[in-house]
Amino acid sequence: MPNHFPGAPVLLGSDQTEKGDGKRREAGWLFRSLSALLGTGEINRTIDLPSDESRHVPTAYLAFNTGAVLLVAALAANASRQGAQWAIPAFYACIAAIYMPIVIVTLRPAMPRSQRIANVLLAGIGLFFLRAIREPQFFTGHDEYLHWVTAQQIIEQGHLFSANVLFPIGPFFPGLEILTSAFSELSGLSVFDAGMIIIGLTRLIFIGALFHIYEHISGSHRIAAIACLIYMGSSTFTFFDTNFAYAGLAIALLAMALMINLEAEQSDVQSLRTKAALFLIYLVVLLALSMTHHVTAYALAGLFMAIVALDFINRGRRIIGTNLIFAAMAAAMIPVLWSKAMGNPGAGYLGPVFENGLKEVSQLLHFNMTRKLFTGDDGVVAPFWQRYLTLGSVVLICIGLSLGFFRSLRWAGMSFVHNPNTTKLRMLLTWNNSRVVLFTLLTLGFPLSIVFRLTRSGWEIGNRIGPFAFLGVGLVLAICVVTFLLGSSRNMIRTAAIGVCASIITVGGIISSEGPRILVPAKFQVSADSASIEPMGIRAAQWTKEWLGPGKRFAADRVNRLLLSGYGRQLVSTTLKHRFDVGVALVSSQFGKNEQDVLERIGIEYLFADLRLTMGKPVVGSYFDGAAADHMLDEPPQPDSFLKFNTMPGVNRIFDNGYSLIYDVRTFSSNLSTVRQVAK
Amino acid sequence: MIWIIALFAIGFGIMISASAALLLLKGIVSFIFLAFLPGYLVLKIIFPARSFDVAVALMSSGLSVSITIVCGLILHAFNAMNAFGWVLCLGFLCLTALWMGIRFRVTGTPTRTSLRFKASHIAAVSLALMLVSSAVVIAKQGSLEQRQFSYTELWILPTDERSFDRVVVGLRNEEQAGTYYDLEILVNDRTIKRWPRFYLKEHDQRVEQVYVNLDGEEPRTLQDRPLQRGRKKPLADNPCKQNEQLSRPMFARAAELDRKPCDDGDGAATEVRFDTTQPGRQPAQCSDKPGATCKPASDTNLLKIKTGSDIIPCDRTAMKVEQRPVMIRGDKKQSPCDQDRKIEARLYKNGDLSFLYRNVWLSRPNTEQR
């Protein structure tokens with residue numbers, strides 16, 4: 001019986017099924033068809049056709065399209081600030097309008113390599129500008145403020161490792177802040193402007209390095225370009241990883257380290273001196289990565305160790321390349337040494353995140369959902385089109401992985417065809433490209449990230465697994481496209497259909513990360529980061545610096561804490577740092593001994609009461625730290641709770657703008673000087 | 001070699017210059033210096049024959065970024081994380097890489113790649129750049145114009161940590177329009193100062209110092225540093241304590257004074273002579289000028305100071321001193337410094353006097369507890 005799919009294999013044991021009776025023959029046909037669909041047989045490797053410049057759209061025209069769409073996106077962002085309902089759908093449409101034409105053009109089989117690179121870089125930088133349009137004036141992300149404070153401290157104090165109460169672990173990984181502060185000091189730009197330029201640069205470095213990695217390991221610039229474009233469908237790529245936070249730079253440095261290692265393994269690099277020099281610059285990149293982000297540095301070590309392990313399994317007794325072994329050893333040692341030198345700050349920080357995440361996943365396995373899908377913590381439900389696009393994105397990725405997984409392993413040289421000379425196990429453990437095997441196996445992280453995303457605490461873990469899982473998803477889906485779905489066909493309809501599917505994956509990924517809050521809304525929202533940070537709050541924080549001086553101990557809610565720390569340069573209290581939740585003193589209806597105790601223990605000098613918190617439930621799930629104060633509140637806090645200080649003897653209301661009040665509560669800080677000394 | 005060094009020198013000069021006019025140039029030069037040059041020069045040593053392409057550009061940038069981060073660690077060790085330190089460190093690294101390239105003759109013949117662009121492509125890219133720039137500018141403008149809240153900031157603070165006799169009252173107009181205000185300062189529910197109907201433009205602020213005694217006026221010599229034991233030295237940390245100290249010698253000396261009846265035209269009075277020539281004994285308020293007359297306010301328990309000649313010919317005030325010494329000395333229970341004062345600011349917006357807009361208050365700090 002002929003195969004219905006191109007390249008359908010002669011399957012393991014298929015010779016026996018053909019000899020069977022009718023039923024077995026039917027089953028054999030089904031099995032063969034399924035195998036052909038999954039791609040366990042031979043695959044088409046002639047995928048890059050000679051380029052034909054007259055038949056594709058030049059990158060310059062795509063750039064013009066990107067520019068025009070960005071202009072529309074800017075108008076949509078402004079309309080959202082005015083309260084227009086169409087703004088968010090229009091903004092998502094803009095994302096698709098930037099991304100889809102580039103994908104459709106890049107999918108074509110005959111195209112010069114340089115143009116593929118240019119297209120991929122254009123898509124990356126085009127999506128980055130969406131972020132610049134969303135936050136053109138100041139940082140609005142929670143994590144951005146954590147790093148901004150550290151960068152400012154470096155500029156002001158001229159040295160590293162100053163304590164950051166908002167983010168105690170941050171100063172020990174100051175890679176991004178060093179880079180930004182250096183650029184800010186040399187150029188005279190603000191930290192915000194310098195940070196945006198640095199993030200844009202790291203975006204380009206990452207995409208370029210990723211292209212080279214994919215190209216090296218797949219041997220095809222077409223696969224590399226498509227894989228890069230599909231990688232952009234990772235939920236964190238467009239916005240989360242372009243935040244002014246260490247993860248964005250770290251993933252670029254990870255890609256650089258992998259790229260340098262691949263360069264060293266190239267056949268034309270024979271000289272020992274060149275190899276040594278490349279290893280030296282690899283070490284520099286590795287040190288920079290270790291100084292930037294702990295988890296990504298450990299992930300790189302894990303990737304190298306996995307490659308070594310796969311090489312060992314594959315080659316058996318044969319010698320694994322010394323270059324790879326040294327690279328893996330260095331990747332494992334340098335982050336650990338850096339972490340040790342810094343006093344191992346990551347353990348206390350990451351431990352609770354993993355602990356809570358795993359606890360919630362186990363609850364999930366017992367069908368006890370802790371997070372309601374498509375519903376924000378403030379009760380707002382995502383519109384239906386966003387829900388369907390997100391689900392569509394996940395479904396398309398799953399289909400793509402199903403179709404591409406075995407094809408990808410076949411691309412790595414693994415065989416699923418029965419060979420009488422080898423055992424089945426040996427046959428399955430033989431391949432000629434461990435990196436492709438590793439990237440294929442990384443796709444198993446994708447369903448894991450989805451499971452974590454279904455939980456409240458594990459959401460963060462799922463979000464962090466995503467970028468690494470997508471290293472594999474990009475490659476596997478690209479191999480699926482070029483060897484099965486499209487091949488070397490120039491059929492415009494098939495090309496466009498794949499372009500649409502890729503756009504759904506990307507837009508759905510962004511929705512799963514940003515959802516209905518992708519743009520700054522017209523109205524203030526309670527504890528909503530980008531929708532809560534606005535000029536009045538910033539001005540109040542600046543007032544504290546101007547009139548009270550920096551370095552005062554403040555208690556405030558989640559958002560005002562960021563502003564007070566960033567713009568006001570104040571020492572804010574966090575549960576993570578001080579082990580007490582001072583929010584209790586603010587939201588409790590009575591000011592009793594316990595509340596006074598908390599203020600005394602931490603040495604709080606001023607309370608920042610934002611009456612806008614009484615307007616609604618917190619969008620991100622907590623008003624303060626998600627600790628004691630938040631547990632006290634089933635409903636928004638009462639205004640009377642904040643205003644109880646008005647009549648309290650010795651407490652002064654020193655600032656008032658009608659929405660926010662600052663109370664001087666130094667009367668309770670009995671041992672203030674001692675506290676200050678300890679703080680110093 | 002010379003021109004390379006000269007180029008470097010110009011680059012360094014631009015980077016460490018403080019001129020605002022050079023901001024754009026500084027930005028570009030700094031970016032190249034930080035994010036491209038170190039990595040490129042190092043890669044040039046390793047791959048001398050490699051032509052410049054996208055891969056080299058990206059590797060150069062990635063390596064430069066990594067080098068900068070590691071340099072930051074070195075600069076931290078030398079406590080030199082400033083613009084000059086960066087220029088020195090990265091400049092030294094670049095020049096060393098250049099020198100190594102020349103010294104070890106790691107030269108090669110790079111394969112040239114010719115880049116040809118059609119005019120239409122150049123036009124499309126230029127237009128794209130213009131559109132992107134416009135998009136960012138429009139978004140920035142939109143963000144600047146988004147003002148959800150119209151408000152006025154009002155604050156009251158003591159002028160320094162130890163004094164609650166003087167406070168700073170400030171207000172700032174963020175109403176998104178020019179606004180007329182009326183501001184009242186009250187002490188213990190009694191108005192002591194009022195600024196009727198004044199205008200503030202948007203973003204303008206008005207800051208006033210207010211003496212929070214009961215009449216709201218400044219004791220003239222409070223600004224002088226009191227003389228004590230022949231040299232200028234603050235009498236006490238807390239100005240309230242100063243007042244206490246000042247009121248006592250005033251009464252004591254008044255008792256010592258030589259006085260005689262006189263006629264100032266309004267009838268009989270008492271001529272009082274103040275001995276203010278001894279610096280160690282004279283009250284601070286009456287300092288500097290001999291013969292100062294201390295005049296108690298008629299209906300308050302605060303001191304008012306009036307300077308005069310050595311001998312005051314005839315002063316009704318002095319007579320009051322004699323007749324009502326308790327007014328000068330001050331009753332400890334009634335002293336404004338010793339009682340808890342509730343200082344309140346009331347702000348009315350746009351002449352709507354029935355509308356109490358804002359109310360900030362300040363009580364005396366509990367110094368004992370502190």
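**Figure 1. A salt bridge in chain B with one partly exposed partner.** B:Arg346 has a relative accessible area of 23%, so we call this residue partly exposed. Its partner in this predicted model is B:Glu344, and the two side chains meet in a salt bridge with N and O 3.7 Å apart. B:Glu344 sits on the other side of the cut-off: at a relative accessible area of 5%, this residue is buried.

**Figure 2. A salt-bridge network in chain A.** Here salt bridges that share partners tie five residues into one network: A:Arg131, A:Arg134, A:Glu135, A:Glu144 and A:Glu514. Look for the pair A:Arg134 and A:Glu135, whose closest N and O atoms are 3.4 Å apart in a salt bridge. Both A:Arg134 and A:Glu135 are buried. If you're keeping score, the count of salt bridges over all chains comes to 23.

**Figure 3. A salt bridge between two buried side chains.** A:Arg612 and A:Asp610 bring their side chains together in a salt bridge, 2.9 Å from N to O. Are these two residues buried or exposed? A:Arg612 is buried, because its relative accessibility is just 2%, and the cut-off for buried is under 20%. A:Asp610 is buried too, with a relative accessible area of 2%.

**Figure 4. Where chain B meets chain A.** On this interface, 81 residues of chain B are in contact with 90 residues of chain A. People often quote the size of an interface as the accessible area lost when the parts come together. For chain B and chain A, the buried area is about 7,500 Å², and carbon and sulfur atoms give 69% of that. How many salt bridges cross the interface of chain B and chain A? The rule finds one, and you can pick it out between the side chains of B:Glu153 and A:Arg539, at 3.3 Å from N to O. Polar contacts between the two chains come to twelve residue pairs, counting pairs with both residues at pLDDT 80 or more. On the chain B side, helix H6 (residues 119–145) gives the largest share of what touches chain A, at 17 residues.

**Figure 5. One face of helix H18 in chain A.** Helix H18 of chain A runs over residues 445–453, and its buried residues are A:Gly445, A:Phe446, A:Ser449, A:Phe452 and A:Arg453. Seen down the axis of H18(A), these buried residues fall within an arc of 120°, so they line one face of the helix. The pattern fits a handy rule: an α-helix has 3.6 residues a turn, so residues three or four places apart point the same way.

**Figure 6. Two loop residues with positive phi.** A:Ser527 has a phi near 45°, a positive value in a residue that isn't glycine. You'll find A:Ser527 in the loop of chain A between helix H20 (492–514) and helix H21 (535–548), and at 1% relative accessibility this serine counts as buried. In chain B, B:Gln176 also has a positive phi, near 65°, and is likewise a residue other than glycine. B:Gln176 is in the loop between strand S2 (163–174) and strand S3 (179–187) of chain B, and counts as partly exposed at 33% relative accessibility.

**Figure 7. A:Ala68 on helix H3, with chain A around it.** A:Ala68 lies in helix H3 (residues 59–82) of chain A and is partly exposed, with a relative accessible area of 27%. From A:Ala68 to A:Gln115 is 47 residues in sequence and 20 Å in space, C-alpha to C-alpha. Zooming out, chain A has 28 helices and five strands, and 61% of its 680 residues count as buried.

Technical notes: Residues are numbered from 1 along each chain as its sequence is written. Chains are lettered from A and ligands numbered from 1 in the order in which they are written. This is a predicted model: local features need pLDDT of at least 70, side-chain atom pairs count only at pLDDT 80 or more; totals for chains, interfaces and linings use all residues. Side-chain values use heavy atoms; hydrogens and water are left out. Helices (H or I, at least four residues) and strands (E, at least two) are DSSP runs, numbered from the N terminus. Buried means under 20% relative accessible area, exposed over 50%, partly exposed in between (1.4 Å probe, protein chains only). The arc is that of the directions from the helix axis to the C-beta atoms. Contact means heavy atoms within 4.5 Å. Buried area is the accessible area (1.4 Å probe) that two parts lose on being put together, summed over both. A salt bridge is a side-chain nitrogen of Lys or Arg within 4 Å of a carboxyl oxygen of Asp or Glu. A polar contact is a pair of N or O atoms within 3.5 Å; within protein, one must be able to donate a hydrogen and the other to accept it, and residues adjacent in sequence count only if both atoms are side-chain atoms.
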